[in-house]
Amino acid sequence: MPNIAVIGAGVNGVASAIKILEHYVNDGKTPIKVTIISEDFTPNTTGDGSAGLWGPYLLGGTSQAKVYKWSKSMHQFLEQIWLSEDAGEAGVCLLPCIRLSTSTVATVEDFWRDIVYGAVDLSKEQLAAYNKGRSVKFTSGLSFVTYTSEPIKLLPYLMKRFTRNGGVVVRKRITDLEAFVADSEYDVIVNCSGLGSKTLLNDDQMYAVRGQVSRVKANWIFSAMLDESDDGNYIIPNTESVVLGGTHQERDYNSKVCQKDRRMIVDGCRRYIPGLEHTKSLFDWVGLRPGRTELRLEAERRGRKLLIHNYGHGGSGVTLCWGCADDVLDILLAAKNGSKL
């Protein structure tokens with residue numbers, strides 16, 4: 001019986017574990033044991049504090065073709081959930097969005113525009129409305145509809161789905177990956193340790209991308225606004241609050257709330273929606289995204305064991321998790337069938 005461990009209980013670890021487990025359960029031919037091993041589980045993962053808006057973000061030099069494939073798989077997965085009775089439990093909602101850019105050399109990044117619904121460029125008149133009072137003008141914009149899948153709800157839903165199919169959960173901190181691979185009972189280890197891979201593997205291509213947000217009570221906001229400028233803000237409604245953001249500070253490991261950043265976030269978002277001045281502040285949150293020069297998804301042999309790496313998802317953990325899990329399963333099945341890794 002294959003005995004598989006997934007290290008990390010963020011959205012990519014849990015998605016990989018589910019994808020593997022459900023494949024074998026649905027196949028019904030080969031018994032399998034899949035275990036998620038992590039020091040922290042929801043609601044204490046990095047992803048739990050994020051807004052969960054679908055959209056590729058902060059992925060370094062990762063291949064655009066791969067990002068397209070992975071993110072499309074997740075969008076289709078979210079569509080399946082949204083059309084099912086699980087949408088509420090999983091925190092999946094359809095959301096109208098506006099993305100704005102100040103770039104003078106390119107339009108708003110939209111290689112994924114055929115994945116989302118109803119993507120259209122903003123007209124000159126619409127851009128003019130957003131540019132009122134701005135010294136640096138927006139040069140392009142895109143209107144579309146996509147999904148939010150709030151990790152604070154999505155992760156418990158996925159964990160429930162995992163354990164319902166016989167998945168095992170172990171709360172443990174792995175500090176020496178080499179020793180764990182060599183000495184453990186597992187035939188296959190899937191490394192989804194996120195930023196932890198920096199120390200577990202001495203991976204100097206990994207770095208933190210600090211994200212700080214503020215959450216407010218503003219149930220009257222029903223669409224997202226995303227400014228793609230280097231110092232741009234974003235406003236993303238969730239089911240019970242609205243996320244105001246944010247920062248993307250590379251190689252900043254400060255996990256404390258910074259009041260200067262908070263003022264930049266709150267004041268910046270109020271310039272777009274003045275009515276936010278009268279909303280109730282709920283809390284501020286900081287998370288360290290797992291940045292990398294390029295997302296790592298590949299396998300290596302360690303003796304008779306298989307080690308699959310799946311980490312470095314930047315600000316796109318939710319957006320890429322299901323598609324990356326597809327590739328993790330494909331690598332596992334190819335290795336089982338004797339194919340070259």
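This is a short dialogue about a pocket and a buried residue in a predicted model.

Q: How is empty space found, and how much of it lies in the second largest pocket?

A: Rolling a probe the size of a water molecule over the atoms shows where empty space is left. In this model, the second largest pocket holds about 380 Å³ of space.

Q: Which residues lie nearest the centre of that pocket?

A: Look for Arg134, Asp227, Gly268, Arg271 and Tyr272, which lie nearest the centre among the 16 residues of the lining. By class, the lining has seven polar, five charged and four nonpolar residues.

Q: Which helix gives the most to the lining of the second largest pocket?

A: That is α8, with three residues. Both α4 (124–131) and α8 (259–272) supply at least two residues each.

Q: Now for a single residue: is Arg99 buried or exposed?

A: A residue counts as buried when its relative accessible area is under 20%. Arg99 has 9%, so Arg99 is buried. You can find Arg99 in strand β3, which covers residues 92–101.

Q: What is Arg99 in contact with, leaving aside its neighbours within four places in sequence?

A: Its contacts include Pro56, Val108, Trp112, Leu226 and Glu228. With Glu228 there is also a side-chain to side-chain polar contact of 2.5 Å.

Q: How far apart are Arg99 and Ser140 in sequence and in space?

A: In sequence they are 41 residues apart, and from C-alpha to C-alpha they are 8.5 Å apart. Ser140 is also one of the contacts of Arg99, as are Gly141, Leu142 and Phe144.

How values were computed: Residues numbered from 1 in each chain as written. Predicted model: local features only at pLDDT ≥ 70, side-chain atom pairs only at ≥ 80, totals over all residues. Heavy atoms only, no water. 1 Å grid on protein atoms, 1.4 Å probe; cavity = no way out; pocket = protein on both sides within 12 Å on 5 of 7 lines; lining within 4 Å. Points joined across faces, edges and corners; volume = space filled by probe spheres on them. Helix = DSSP H or I, 4+ residues; strand = E, 2+ residues; numbered from the N terminus. Nonpolar A, V, L, I, M, F, W, Y, C, P; charged D, E, K, R; others polar. Buried < 20%, exposed > 50% of the residue type's maximum accessible area, 1.4 Å probe, protein only. Contact = heavy atoms within 4.5 Å. Polar contact = N/O pair within 3.5 Å; in protein donor to acceptor, adjacent residues only side chain to side chain.
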